[in-house]
Amino acid sequence: NSVWVSTDHDEIETVAKQFGARVHRRSPEVSQDSSTSLEAIREFLNHHHEVDIVGNIQATSPCLHPSDLIKVADLIQKEGFDSVFSVVRRHQFRWSEVKKGENKMTEPQNLNPAKRYRRQDWPGELYENGSFYFAKRHLIEKGYLQGGKMAYYEMRAEHSVDIDIDIDWPIAEQRVLSFGYFGKEPLKEVKLLVCSIDGCLTNGRIYVTEDQKEMVSYDYRDIVGIDLLKKRGIQVRLISERDCSKTLSAMQLGCVAKVSATNKLQVLEDWQKDMGLSWKEVAYLGNEESDVECLKKAGMSGVPADACAVAQKAAGYICKSNGGCGAVREFVEHIFLLLEKVNAARRQ
């Protein structure tokens, strides 16, 4: 019924409101380093007597999928559960801990070493992953987030990332880079990739010879990436704000290109309409402020690692490679990865 951000921080409040959330200002008593989520939720309920069910979504789980939350809400509202929490299946053998100085042996906890089986053949165990906790008001008022008629909700492994310590951060980042954030329309088959030439296909540098001829450099891996897209039936078109016709002619890519483009978004919209494509069928790789609106429109968007800050913020994927140094090939592989997920979902 409503989405709230609980915080005592002015900047977080501003950002939350920009994205359409309502804000509950936490008191200093529940804003300490040692404060628990339960304490903050109970304080919230004291100010909002109209709320009878709380879904506590943990900010440390960035890969949570909204469809999971919808299903969990149904478990409470339609199937009568008092609390539902998230779990993930893990295939890990556990052994008892032997503390230093103790004169005893470790013991298996969830396996028989004499009949050890392969972990991939074992159904595994369910572990709380801390992604979310849903509970009815009467439980929370008693000091519980889990209780009464309980149910777990098993999340997919790629959606289950919990940031507790520093080493978890790059893992979460890689999951997001590989699978993207969620909540938008389902991805469709990509039929067009539009790539900005300067700073993506090339490194953005222009070399001038003594006789005033311009030269640019590019990475052959990016050319291979473009060829792979073409072999899969995906069109590749190029765009540039400057007149680089001679450069394109020398590269012999065989791609439709628009140079001297003063309005990249207008060019992109014209191509999209002429080809009869939805935005979900368009991918865009850019690197400059002039690419931002195109990055926002495209169903799949990416930038090189050295793209400007506003372009990075607008993109769905940030390459590890710089422009002109393999970024195009990397983005192509990212496209193939996501399309494989689409095809796998169709097969199911």
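Two strands count as paired here if DSSP finds at least two bridges between them. With that settled, on to the model, which is a predicted one.

**The four-stranded sheet**

Four strands make up an open sheet with mixed pairing, in the order E3-E5-E4-E6. Strand E3 (53–57) and strand E6 (150–155) sit at the edges with a single partner strand each, so one side of each has no neighbour in the sheet. On average, and ignoring direction, neighbouring strands of this sheet are turned by 35° against each other.

In the middle of that order, E4 (residues 83–90) and E5 (residues 125–136) run antiparallel to one another and pair over 7 bridges. If you want a spot to look at, try Val88, which stands opposite Tyr127 in E5. Then there's helix H3 (residues 66–77), which lies across E3, E4, E5 and E6 and runs at about 65° to E5.

**E1, E2 and the helices around them**

Now for another pair of strands. E1 and E2 are parallel and share 4 bridges, and Ser6 has His24 in E2 as its bridge partner. To get from E1 to E2 the chain goes through helix H1 (residues 10–18), and this β-α-β crossover is right-handed.

Helix H2 (residues 37–47) ties the two regions together in this account. Its buried residues pack against strand E1 (4–7) and strand E2 (22–25), and also against E3 and helix H4 (137–141). Those buried residues are Ala40, Ile41, Glu43, Phe44 and Leu45.

Here are the two pairings side by side:

| Strands | Sense | Bridges | Partners |
|---|---|---|---|
| E4 and E5 | antiparallel | 7 bridges | Val88 and Tyr127 |
| E1 and E2 | parallel | 4 bridges | Ser6 and His24 |

**Helix H7**

How far apart should the ends of H7 be, at 1.5 Å a residue? For the 12 residues of this helix (residues 220–231) the span should be 16 Å, and the end C-alpha atoms are 17 Å apart, which agrees.

H7 also has two distinct sides. Asp222, Ile223, Gly225, Ile226 and Leu229 are buried. Looking down the axis of H7, these buried residues fall within an arc of 155°, so they line one face of the helix. That fits the general pattern: an α-helix has 3.6 residues a turn, so residues three or four places apart point the same way. Tyr220 and Lys231 are exposed, and they're carried on the face of H7 turned away from its buried side. After the helix comes Gly233, with a positive phi near 85°.

Methods
Residues numbered from 1 in each chain as written. Predicted model: local features only at pLDDT ≥ 70, side-chain atom pairs only at ≥ 80, totals over all residues. Heavy atoms only, no water. Axes fitted to C-alpha atoms, helices over the stretch in contact; angles between N-to-C directions. Contact = heavy atoms within 4.5 Å. Expected span 1.5 Å × (residues − 1). Buried < 20%, exposed > 50% of the residue type's maximum accessible area, 1.4 Å probe, protein only. Arc of directions from axis to C-beta. Right-handed = clockwise from strand over helix to strand, strands pointing away.
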